[in-house]
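Here is a set of short exercises to work through with a structure open beside you. Try each task on your own before you read the solution.

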Amino acid sequence: MKDHSELWKQWNLKLSQWQLRKLAVTLIESSGFFHPIIAQFVLIGQPMFGQTARMHLDAIIELLEEPQVCQAFVETLSKEPAKC
């Protein structure tokens, strides 16, 4: 399991800027049953993207496949991000 905390901070900041944090939390929590299926679709599409996008996709796949990681990300989204 990799440490994706920097990516999570970026995601949290962007979602906060777009005022979508609460929606993201709701979608993540309500789609739990489908996380493995969604992860497989993301994995299949991964070769179409560059290296930078692949880092984000790897983090998304891990988030969807590991319930503990998913819960930690939801907790991260629940906190107000630090402004840079």
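The exercises below all concern this predicted model, and each one is followed by a worked solution.

**Exercise 1. A salt bridge**

Task: Find which side chains meet in a salt bridge, and work out how they are placed along their helix.

Solution:
- Start with the search of the whole structure, which finds 1 salt bridge.
- Next, name the partners: the side chains of Lys9 and Glu6 meet, with a distance of 3.4 Å from N to O.
- Check this against the cut-off: a salt bridge needs the nitrogen to be within 4 Å of the carboxyl oxygen, and the value here is 3.4 Å.
- Finally, place the pair. Lys9 and Glu6 are 3 residues apart in helix α1 (residues 5–17), so about one helical turn separates them.

**Exercise 2. Helices α3 and α4**

Task: Decide how α3 and α4 are oriented to each other, and list the residues that make their contact.

Solution:
- Two packed helices are described by the angle between their axes and the distance between the axes.
- For α3 and helix α4 (residues 51–65), the angle is about 160 degrees and the axes are 8 Å apart.
- Angles over 145 degrees count as roughly antiparallel, and α3 and α4 are therefore roughly antiparallel to each other.
- The crossing of α3 past α4 is left-handed.
- On the α3 side, the contact is made by His35, Pro36, Ile38, Ala39, Gln40, Val42 and Leu43; α4 contributes Leu57, Ile61, Leu64 and Glu65.
- Sorted by class, the contact of α3 with α4 has 8 nonpolar, 2 polar and 1 charged residues.

**Exercise 3. Two residues of α3**

Task: Say whether Ile38 is buried, partly exposed or exposed, and do likewise for Gly45.

Solution:
- Begin with Ile38, which lies in helix α3 (residues 35–45).
- The relative accessible area of Ile38 is 34%, so Ile38 is partly exposed.
- To relate Ile38 to α4, look at Ile61: the two are 23 residues apart in sequence, and their C-alpha atoms are 8.3 Å apart in space. Both residues belong to the contact of α3 with α4.
- Now turn to Gly45, also found in helix α3. The relative accessible area of Gly45 is 10%; buried means under 20%, so Gly45 is buried.
- Gly45 and Leu57 are 12 residues apart in sequence and 9.3 Å apart in space, C-alpha to C-alpha.

**Exercise 4. The two partners of α5**

Task: Describe how helix α5 packs with α4, and then how α5 packs with α1.

Solution:
- Take α4 and helix α5 (residues 67–78): they pack at an angle of about 110 degrees, with axes 5 Å apart.
- Angles of 65 to 115 degrees count as roughly perpendicular, and α4 and α5 are therefore roughly perpendicular to each other.
- The residues in contact are Glu62, Leu63 and Glu65 of α4 with Pro67, Val69, Cys70 and Phe73 of α5.
- By class, the contact of α4 with α5 has 5 nonpolar, no polar and 2 charged residues.
- For α1 and α5, the angle is about 45 degrees and the axes are 10 Å apart. The two helices are therefore oblique to each other.
- α1 passes α5 in a right-handed crossing.
- Trp8, Trp11, Asn12 and Leu15 of α1 make this contact with Val69, Ala72, Phe73, Thr76 and Leu77 of α5.
- The contact of α1 with α5 divides into 7 nonpolar, 2 polar and no charged residues.

**Exercise 5. Residues in the loops**

Task: For Gln19, Met48 and Ser31, find the loop and decide whether the residue is buried or exposed.

Solution:
- Gln19 sits in the loop between α1 and α2 (21–30). With a relative accessible area of 73%, Gln19 is exposed.
- Look at the backbone too: most residues other than glycine have a negative phi. Phi of Gln19, however, is positive, near 55 degrees.
- Met48 belongs to the loop between α3 and α4. Met48 has 69% relative accessibility and so counts as exposed.
- Met48 and Leu20 are 28 residues apart in sequence and 26 Å apart in space, C-alpha to C-alpha.
- Ser31 is in the loop between α2 and α3. At 17% relative accessibility, Ser31 counts as buried.
- Between Ser31 and Leu64 there are 9.7 Å in space, C-alpha to C-alpha, although they are 33 residues apart in sequence.

Technical notes: Residues numbered from 1 in each chain as written. Predicted model: local features only at pLDDT ≥ 70, side-chain atom pairs only at ≥ 80, totals over all residues. Heavy atoms only, no water. Helix = DSSP H or I, 4+ residues; strand = E, 2+ residues; numbered from the N terminus. Buried < 20%, exposed > 50% of the residue type's maximum accessible area, 1.4 Å probe, protein only. Axes fitted to C-alpha atoms, helices over the stretch in contact; angles between N-to-C directions. Parallel < 35°, antiparallel > 145°, perpendicular 65-115°, else oblique. Left-handed = near helix turned anticlockwise from the far one by under 90°. Contact = heavy atoms within 4.5 Å. Nonpolar A, V, L, I, M, F, W, Y, C, P; charged D, E, K, R; others polar.
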